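Got the viewer open? Let's walk through this one stop at a time, selecting as we go.

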Amino acid sequence: MRTKYDAIVIGAGHNGLTNGAYLAKAGLNVLMLEQNDYIGGASVSLDMYKDWTYSNCSYVCSLLRPEVYRSLDLAKYGLQVVPYGGSVTLAENGDYIGNYVDPDVTRREIARHSHRDADASVRFDRDIMRQCRLIRKLLLRTPPDPTSFKPRDLSELLYMGKELMDLGEDVIYDTLRFYTMSISDFLDEYFESPLLKGSYAGSGIIGSALGVMSPGTAYILLHHAMGDVDGSMGAWGFARGGMGAVARAMNDCFTDHGGTTITGEGVAQIIVKKGKISGVAMKDGSEYYSDVVVSNMTFPRTFLECMDAGDLKPGFLKKVRNFKIRGSSGKVNIALDGLPDFVALRGNEQMIYGDMHLIDSIARLERAYDDWKNGTWSQDPYIDMLIPSLTDPTMAPPGKHFMSVFVQYVPPKIRGKDWTDEQVTQFGQTVIDQIEKYAPGFKDLILHMEVRTPRELDNDIGLTEGNIFHGELTLDQLAFNRPIPGYAQYRGPVKGLYMCGSSNPPGGGVMAAPGANAAREILRDLRKPNTVPEGWLDD
Amino acid sequence: MRTVNITNADHHKTAVYPSPFHSRQEQHNQLKEWSRWSDYLSVPAYWCESLEYFSGRNTCGVFDITPMVKHLVTGPDALPYLNRLMTRDVSKLKPGRVGYSVWCNDNGQVIDDGTIFHLREGIYRVCSQEHQIDWFLTSATGFDVNIVEDTHDVAGLALQGPTSCAVLREMGLADVESLTPFGLDYFDFEGVELMVSRTGFTGDLGYELWIDPDHAELLWDRLFEAGSTRGIRAMGSDALEMLRIEAGFILAGVEFLPAMEAVRPTHTRSPFELGLGWLVSFDKGVFNGRKALLEEKKNGSRYHLVKLDIDGNKPAKDAFVFTRNGKYAGTVTSAMWSPSAKASIALASLEAPHGEPGEELEVEIYYQRELRWSRVMEPCRVVRDVFWNPPRRRQTPPADF
Amino acid sequence: MINSDKIVIIGGGHNGLVCAAYLAKAGRNVTVLEAADQVGGAAATREFAPGFRASVAHLLYLLDKDISKDLALDSHGLKMAKSGLKTIALAESGDHITISTRRLSGANLSTEDKAAYREYRRFMRKFAGVISGLHNKIPPRITSERSDMIALGKMALKVRMLGRNDMRELLRIGAINIYDVLQENFDNPLLKGALSLDAVLGTNSGPRSNNSVFTALHRTSGNTRGAAGQLSLPNGGVGAVTQAMAAAAREYGAETHTGSPVDKILMDGDTIRGVQLSGGEQIAASVVISNADPKTTMMNLLGAQHLEAGVARKFHNIRASGNAAKLHLALDKLPDFKGVSPTQLGHRLVIASDMEYVERAFNHSKYGEFSTHPVAEITIPSIHDETLAPDGKHVLSAIVQYAPRNLGTGWSEGKAAFTDAVLETLSAYAPGIRENVIATELLTPEDIENEFRMAGGHWHHGELSLDQFLMLRPVPGSAQYETPVEGLYLCGAGCHPGGGVMGSAGRNAATVVLAQ
């Protein structure tokens, strides 16, 4: 007979760990179960090759809620987030557009491509920031159910209504349009330079199975702009030691408050008895007991793979199956013998320290999406790459480098069929060839390479179909619609079952908000003191 | 010389550029401190803020205004275009005249303020604090007009103070004394055209000189030669800041938040709220912000920008303003001890209905003496007139000193 | 001295005529100025080849029933040649599917799909009801004004009245794409292709584009002759509708002048003074209502210089770029569509073999190319209406997509090639149709822009999309048929509730003008 726990969290990704840490802080006896031998899920650092450390999946940090960082004492537990300077977008014709840390330099850089755009970017930044301010207020709140008449839902709806009305008529209209426009149309209202538009448009599709011309993609840009590093909105940084450092600090906080983490044991099934949760059965046949089970797995994985269909209503299962969780991106992690030589950046090496994008127009991005629709990876892919080892000395030996390459679009299946090993290799080759075009000799620097298509993301860390956000960030799956209408308050369809992963509002990214929000709801149901902080106001 | 070429891909190698006057500024800059103004290096103080301030009130001071954003507006519709853009009636601005104006968005909120130079019949220069080309071009739809930003093609120096006219005459600018306030004229300077306007940011007698950047250094040299017997001195931005507060001039980003940058839309100000209602001309037809400003005129403004005369001697920097019975009334935007008025003065943004001249208020001032902080509630009053407004500012021809 | 009570309406399209009729009925002095030689705009029946007539708008499905009644269109000559048209989803094999508003029939249909179709119709009709409830309403602004709050509250209440499950479903699918919704509900590819076509006709979207559920709902939000989603062919083409509207307007006392293209809206300071025709003639009026599209009205006829720059930018930014072309064929006999019986031929035929086919057709247009394998909505109205073609001969009228307004090669070069692509596609379903063709007219968006003076040749006068709907249509702040210029109103499809021969925009504009 094993111990009965106050709560069991399935999946030691950043949201599971956040959730467990807040429950443990409230005095609960919490068990964290992780199928892999390592914690972190998609917030992970692994030593793949000699003295190199890879951020295998997520690779930069900005969205992590500062309230969580602070209240879980992540700094004390060793987390350091170091900002990196700027970004650059490289065009096929050898030109580029840089985004520098200095606003005057950035303005002149844009002016180099369009004088008018340089000034319009003030208006653009202002309008994006207005949207950021609105959404940041909602991240650490549980979405109301708009069909409910419960006082809590009504008052939350009123709160949202008031926040919206406070924007004033013009900004309300801007907001309505912003949420329903494509990033391409949205950018057309500000800019004329194709390169500048291309550089912004990437943020509208990262992690999404939509094209830049699809309505709804303007919002996704916001999802990448609403974070900050030390109050610098929209800035991104590296977690020192790779993204696994985020999970490690969270896990240290969790265990420090009495939590138990078990790795290398996969959950086979969530056990329901008499319509209530009673624990989990492991793949090795053992069982753990608790009245509260919190799933940090994706929405489909929780219900389609880890629950008995007999415990769920068919209508609910149909909705789970219809949940849109389409892989659209891949990741290539590379150990380099030296720094790549980007022709366009000769004489401007500072740009290599930041984000580097390979794209130069809206049309090119859209064509990359057409390939995805046709069931293949983009032959001319959009690439977002970084060399963290330039900033973080722990990632690679001196003079050597680790390069993180995010690639879009990459489908979950190739023309309806599972990826073959050969296709994975071909995909890796497409990516290397793409980079080689901008940095001749790049191939020769490669010492080791890890290629992750949606297949690997699904198989290794359980991202269903390889979707990095645990589900598309479209309006049908946002806020009170996420994951599905009626289940946006972190509670599953069975008593005692909770959901804390990125399939839940406010969605994906290493944000820790779903984990924190779910903890607040659980503690509320258990009538325990709330350990989850409120969002900081007016940031 | 020309120092900024924005089409150069290597521009990033330095975040900020020397101004066309840089070599001369460097000679005068004994403090070796530099600050940034837009694309250029600027000097906060060359040697002593106080001495530089008094050059502007007693002799004359030279301040580099090259970084100011400049636009050239030409084409058959230049006038109707400017009239739609500006709150002011630009048709009243004759060639050879300069006008101060603000421009607003459709909500009647100030985007920026600046000066319009009617250079020659139908040819205008608009100077602004912030970059404006996106809004200026947006406003140009439907007009046959050509607008270019030519900031880096024109070098500018402000020569401000009682002896400034005499210095210019000494430099050989014949008949410069006949320029009336807000007038401009062209002079030959070593074979190139020098434009001189009787304008400035100090509320005193003063001129601004505009020239091709390639002749900037020579202009500086000739000016200092001509002024050597009339107390000419290079002036930094700290001194200018004192001069402009005494003169009651507003500054973008200080007295008001430019509407294009306002993430919080209610934090902006209308011309009326800045005390600039006199710049709004409703009877000239459509202009940006007209509808909203008409509404505001009917329904009243939210704020009043006022001048405060504060008891005591402690500058009221960043202070809150209260009524005499302790209710919040607003905040100070700019404050200083005025060496010329010998008073603690401030500009403050008060919530309506506060701000009528003569209203008695209090400011909450935090100050320290030898690291010990104190707080004092100083009585103050709203005054109508600016703190420094000598007759010589308007006198034509000006006296020699 | 201006004629202080005169109202001029620019453009005698259906909305202009409806607006004129309501105003005249209320006793106002109204004059409609139409550029073409007959009223109707794109909803006029015109001869495209000797003896052959067709209207650009070729089906009636949105015409508001209250408007038909108020203006007594029936007694002004409007008759239906055929109502209750079914949709035949053509298959190259000849195994087509017949889709009516209630049921499906045809080859390869599973019972699940048939059952799912009933449910699909149920909720789509219910959700479309939310939209149709808004057709004859002036969109509220989002302010804390009492009247706006009440109107917004009523809209919210209407959504709540759907019931919890349907409300959730509407909030979920309302802003997404038809592709996903059809994937959730159906298996048969041809069925999904045909249903997805309804979502993308006349828009710049493919089935996978978000907002296409909304456009599908909008298309079915009509209540023509009291029946939801009903498709009809008027006797004499859709031009008969506008003729009846014009007759009604004239009977109420409105004047209609054809051949009178307005060149300019005249201002006197802040006030509307009238309009100037392209011949130079000036017509004084204190109120001008424009049935022209908002962009043309504000940027060209009025001129941006009469607007404040922010609102001018909004009008400038209206997305109005047509992506649909119109094909008219004069045929020497009835064409032979594989597997389609002569009676079926009189219904609405669609070419959209599956959603991927439609999406691929759309892909081209994103890059300024026309579809090499176009989709089409086809009618042969002459089957029901002998006035349209000489004896024994026929007219085929088809909307063909995608044909972007700004074709990379330019339409003067591309038109022949696109016409050929369309005929090639038609031939796959109706082999030998080329031999029957006596005359061909293909109207590209460029042609539609030039002939009917619609910006971008877009039949909705501006993309119909959630970011350009209700209080956001045509632009935020000017969605109540008034413009920033006092005395100048908009009454066309560019306003709420958009295009299609509905008439509501014209009627709503009249309501606003009468309330002043």
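Start by selecting chain B, which has eight helices and 19 strands; helices (H or I, at least four residues) and strands (E, at least two) are DSSP runs, numbered from the N terminus. A word on ground rules: this is a predicted model, where local features need pLDDT of at least 70, side-chain atom pairs count only at pLDDT 80 or more, and totals for chains, interfaces and linings use all residues. Residues are numbered from 1 along each chain as its sequence is written, chains are lettered from A and ligands numbered from 1 in the order in which they are written, and side-chain values use heavy atoms, with hydrogens and water left out.

**Chain B as a whole**

Show the C-alpha trace of chain B: along the principal axes, its C-alpha atoms fill a box of roughly 65 × 55 × 50 Å. The radius of gyration is 21 Å, which agrees with the value near 21 Å for a compact globule of 401 residues (taken over C-alpha atoms; the globule rule is 2.2 Å times the number of residues to the power 0.38). Color by accessibility and 57% of the 401 residues count as buried, where buried means under 20% relative accessible area, exposed over 50%, and partly exposed in between (1.4 Å probe, protein chains only). Of the contacts (heavy atoms within 4.5 Å) between residues at least 6 apart in sequence, 67% join residues at least 24 apart.

**Zoom in on H131(B)**

Next, select H131(B), in the loop between β7 (123-128) and α4 (133-138) of chain B. Buried or exposed? H131(B) counts as buried because its relative accessibility is 18%. Show its surroundings: leaving out residues up to four places away in sequence, H131(B) touches R107(A), D119(A), S38(B), V69(B) and E149(B). Its side chain makes polar contacts with the side chains of R107(A) at 3.2 Å and S38(B) at 3.4 Å. A polar contact here is a pair of N or O atoms within 3.5 Å; within protein, one must be able to donate a hydrogen and the other to accept it, and residues adjacent in sequence count only if both atoms are side-chain atoms.

**Where chain C meets chain B**

Now bring in chain C: 12 of its residues are in contact with 16 residues of chain B. About 1200 Å² is buried between these chains, with carbon and sulfur atoms giving 48%; buried area is the accessible area (1.4 Å probe) that two parts lose on being put together, summed over both. Highlight Q305(C), E308(C) and A309(C), which lose the most area to chain B on the chain C side, together 46% of what that side buries.

How many salt bridges are there between chain C and chain B? The count is one: pick R290(B) and D270(C), whose closest N and O atoms are 2.6 Å apart. The rule wants a side-chain nitrogen of Lys or Arg within 4 Å of a carboxyl oxygen of Asp or Glu.

**Where chain C meets chain A**

Swing over to chain A: this contact takes 34 residues from chain C and 39 from chain A. The two bury about 3500 Å² between them, 52% of it on carbon and sulfur atoms. Nine salt bridges cross this interface, including R367(A) with E369(C) (3.6 Å, N to O).

**Last stop: P398(A)**

Finally, select P398(A), in the loop between β19 (382-386) and β20 (401-408) of chain A. At 80% relative accessibility, P398(A) counts as exposed. Add G338(A): the two are 60 residues apart in sequence and 9.5 Å apart in space, C-alpha to C-alpha.
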